[in-house]
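Reader: I'd like a close look at one helix pairing in this model, residue by residue if you can. After that, please walk me outward to whatever surrounds it.

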Amino acid sequence: MKTFEDLKSQWEEQPQPKIPQDGSKIIMQKINGIKNKQRITNGVLLTTTLVLIGFLFYINAYSNLIVTLGLFLMIGSLIVRIMIEYVSIKDLKRMDFTKDVAAFRTDMISYYKKRITTHYVATPIILALYATGFIILLPSFKQNLSKGFYTYIVVSAIVILIVMVFFIGKQIQKELKSLKQIKNSQTS
Amino acid sequence: MTPQEKAFEQIFTTNYPKVFRLCQGYTNGDDALSKDLAQEVFIKCWQHWDSFRNQSNISTWIYRIAVNTCLMELRQKKAVPLSDHLSHLEASEESLSVSKEFQLKQLYQCIGKLSTDNKSIILLELEGLPQKEIAEIMGLSHEAIRVRIHRIKNELTKCVTQ
């Protein structure tokens, strides 16, 4: 019959892992890489917003109230969704890993609960606003575009909506699973 | 190199083996995954450097980061099968006998069956940490840890001898 002490000595007798050469330098490089990626993301978000605002002025969208409203709803809802995602990623990165495991788990659970509230409350509202904006724009699309292109826009919008709902559903499932897993990881 | 980078390098060299071994406990001994996890742990150490200065015990600080990182990083990964890895044992220069290798694989398998919390507790115990420190890492009372360690030890020993 084996005792726990036997298992412990088995554990201790394992071959020692080799310390990677220049390991700390590689980590410093990775950290710099992460910082650069953050800078690039910030840049892309800012540029996209500026381009969209510029586009509104370029096409004189403000001269037609209906078009302005439609574009505002579509672009606005997209920007809000991107910002929510951006803040959420920041929250995850800001989590304090030096807390004890019980406190860290509580933080993770509240993070996932917040995510799920976003998915169930904010996302449907944003999707509805986006679709409303698109529907408002339809008459002006019909008026200014060829019949073929108009049909293409309508069909592709429906396809995009279905694909988006599918992926959002998948994401919700994934995050619900994570939440369950974290809650289950604590056993008495 | 700045003084902070020098201190970090020293911490890395001193603690890498134990962090790596702890990560192996979470990954069923998967070498590549444990390496990635250990790297992630040290990235977090650098990112939380300010809180380190306020800590009296560096080992508690690093182990907290390591356990939390493993909990976070492995939350969406499927369980790693045991068959194709543990290659570090075979490639090891220290020749382990076949039976010892088998026993170690069995130990990993039994650790893999434990709940995440129990896994963390027993891995820290196997690493030889005092129970008081394990309690500080887990955020549980010393008494609760003592009782749980006793229970997990029995569970693990039973599993391995089956």
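**A helix pair in chain B**

Author: Let's start with the pair itself: in chain B, α2(B) packs against helix α4 (residues 58-73) at an angle of about 125°, and the two axes are 9 Å apart. This is a predicted model, so read every number here as computed from predicted coordinates. That angle makes α2(B) oblique to α4(B), since the oblique class takes in what is left between 115 and 145 degrees. As for handedness, α2(B) and α4(B) cross in the right-handed sense.

Now for who touches whom. On the α2(B) side you'll find L37(B), E40(B), V41(B), K44(B) and C45(B). Facing them from α4(B) are I62(B), I65(B), A66(B), T69(B), C70(B) and E73(B). Sorted by class, this contact between α2(B) and α4(B) has seven nonpolar residues, one polar and three charged.

Step back a little along the sequence and you reach the loop that joins α1 (3-26) to α2 (31-47) in chain B, which is where N28(B) sits. Its phi is near 60°, a positive value in a residue that isn't glycine. Is N28(B) buried or exposed? N28(B) is buried, because 20 other C-beta atoms lie within 10 Å, and 20 is the number at which a residue starts to count as buried.

Zooming out to the whole of chain B, the secondary structure is nine helices and zero strands. Along the sequence that reads α-α-α-α-α-α-α-α-α. Of the 162 residues in chain B, 39% are buried. If you take the contacts in chain B between residues at least 6 apart in sequence, 62% of them join residues at least 24 apart.

Then there's the partner chain. The contact between the two takes 35 residues from chain A and 49 residues from chain B. On the chain A side, the elements giving two or more residues are α1, α2, α4 and α5 (147-184). The largest share there, six residues, comes from α2(A). By class, the side of chain A that touches chain B has 17 nonpolar, 12 polar and six charged residues.

Chain A has a loop residue with a positive phi too: D22(A), with phi near 55° and again not a glycine. D22(A) lies between α1 (4-12) and α2 (23-58) of chain A. Unlike the buried N28(B), D22(A) counts as exposed, because there are 10 C-beta neighbours inside 10 Å.

Further along, helix α2 of chain A holds T47(A). T47(A) counts as exposed as well, because it has 10 C-beta neighbours inside 10 Å. From T47(A) to V87(A) is 40 residues along the chain, and their C-alpha atoms are separated by 18 Å.

Last stop, helix α3 of chain A, residues 65-93. With 29 residues at 1.5 Å each, α3(A) should span 42 Å, and its end C-alpha atoms are 41 Å apart, so the two figures agree. The buried residues of α3(A) are V67(A), G70(A), L71(A) and L73(A). Their cover includes α2 and α4 (101-144) of chain A.

Key
Residues are numbered from 1 along each chain as its sequence is written. Chains are lettered from A and ligands numbered from 1 in the order in which they are written. This is a predicted model: local features need pLDDT of at least 70, side-chain atom pairs count only at pLDDT 80 or more; totals for chains, interfaces and linings use all residues. Helices (H or I, at least four residues) and strands (E, at least two) are DSSP runs, numbered from the N terminus. A residue is buried if 20 or more other C-beta atoms lie within 10 Å of its own, exposed if 12 or fewer, and partly exposed in between; C-beta atoms are placed from the backbone. Axes are lines fitted to C-alpha atoms, for helices over the stretch in contact, and angles run from 0 to 180 degrees between N-to-C directions. Angles under 35 degrees count as roughly parallel, over 145 as roughly antiparallel, 65 to 115 as roughly perpendicular and the rest as oblique. A crossing is left-handed if the near helix is turned anticlockwise from the far one by less than a right angle, and right-handed if clockwise. Two residues are in contact if their C-beta atoms, placed from the backbone, lie within 7 Å. Ala, Val, Leu, Ile, Met, Phe, Trp, Tyr, Cys and Pro count as nonpolar, Asp, Glu, Lys and Arg as charged, and the others, Gly among them, as polar. The expected span of a helix is 1.5 Å times one less than its number of residues.
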